[in-house]
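User: Could you take a close look at one part of this model for me? I'd like to see how a strand sits among its neighbours.

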Amino acid sequence: MQTSFGTGQTNRENTDLAFTDPLTGLGNHRRFFDKVERLIADRSDDPAPFAVGILDLDGFKPINDLFGHKAGDDILIQVAMRLRASMDSHSTVCRIGADEFAFLYPMVFSEEAATERARMLIEILSAPYDVGERTARLSASTGCSLFYSGEETTDILINKAETALYHAKRSGRGKVVVYTREMEEAAKRVTRIEQALRRAVSAGEVEPHFQPIVDLGTRRTIGFEALARWSDPDLGPVSPAVFIPIAEERGIIGPLSQLVLRKATEAARGWPGDLFLSFNLSPSQLVDQNTGLHILSILDRTGFDPRRLEIEITETGLMNDPISAEKIVEDLRRVGIRVSLDDFGTGQSSLGRLREFNFDKLKIDRAFVSSILEDRPSEHIIRAILAMCEGLGMDVVAEGIEQEAQADRLVQFGCAAKGIPEIAERRIGIGRLAEQIALAALRAKAI
């Protein structure tokens, strides 16, 4: 009898350990799935609604990097304590990922109630956390889904909550989103685009189009920016504003970027030697230490002079991993590639980044340029940027000029003397580009 009792107790203890998160003492993902499956079974005959949700801590990684992993673990323990204390006797919270928690509300029957409960959790987690002698603050994003029908499984409910969480994260920090049918349709469309894009990249069907870069003083074209363009047989033309974020999120951006750069440098190789090519890198590429090697390999294969290439990176890209970004920038500049900071003034980096990274050029974001004629603050910001770049010895590009009056105003500010502003008046494919460059060469000879 003693042996049998001892064995049963040991089995229960082993089961508890298998269903428990060792750091926080909460249930783990196995516990959560088990709880949801049991509740679905209990309500199979009378499927009364209930809510599940996934809560993701916003900005936990930077805090973890700043304070250290020990402090990060302490914060996670405090998060778990707050969440556990907020649960009523019917509800459950578990830790299902590094900084992800899941909750089950059996007595929540509506989207409004689920939203209210989730907002309460976010509020509870927003209070400061003790980290030794210092404090840290966190926010959280939450995605929820509701069980309505006996046909829904645990996997379906969790997937819906994850889809809602994805939408919450894209909306900004501290957001709550409850899953809707529209999200399901949007998620299916994203998947369709992703699969079509993978096939297109593999088949080499994404093409570069070229946007002229014009010297405002002489109105002479001095270079072109390569932009990815894609038209699918079934989907038709797909906007880069749609497929580029999908490529970044689904891990396709590397192969896509390499394809477009290869085609662009093959086309630019035959341009007159005084024209340069500008090319954008995505934030995720600045985290990959192989990015520089990929670029140099493509230039070597296509025979394009690195000194005629200009790489554009964004402030957001710098902030993801400044150390990695700095190394990639150094590797590129070492072989003569110029590096430009794109969308300046709209990201999160400090002015100190301009000193640390030694950029060759700075691009004034189109948001300031488009409103330069009627918005005094935009005018003053542009003047300040021009003065700063003159002091730093950097070229300047005014992005998105679409009216002659905007160009004239920039010339008044001395922009033509200080940099190389861009007139974004047309975007053309390789064939049209070759025609335009040939015509320009003939005109030059005639003159």
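Analyst: Here is a walk around strand β3, with a short look at β14 afterwards. This is a predicted model, so local features need pLDDT of at least 70 and side-chain atom pairs count only at pLDDT 80 or more, while totals for chains, interfaces and linings use all residues. Residues are numbered from 1 along each chain as its sequence is written, and side-chain values use heavy atoms, with hydrogens and water left out.

Strands here are DSSP runs of E with at least two residues, numbered from the N terminus. β3 covers residues 100-105, and because five of its six residues are buried, the strand is largely enclosed by the rest of the structure. Buried means under 20% relative accessible area (1.4 Å probe, protein chains only).

Now for its partners; two strands pair if DSSP finds at least two bridges between them. β1 (residues 50-58) runs antiparallel to β3, joined by six bridges, and A51 sits opposite Y105 of β3. β2 (residues 92-95) also pairs with β3 in the antiparallel sense, over four bridges, with T92 facing L104. A hairpin of four residues links β2 to β3.

Over at β14 (residues 361-364), K361 and K363 point one way, L362 and I364 the other, and all are buried. In a regular strand the side chains alternate between the two faces of the sheet. β14 pairs in parallel with β13 (residues 338-344) through three bridges, where F344 partners I364. β15 (residues 395-398) is parallel to β14 too, over four bridges, and L362 has V396 as its bridge partner there.

Key
Buried < 20%, exposed > 50% of the residue type's maximum accessible area, 1.4 Å probe, protein only.
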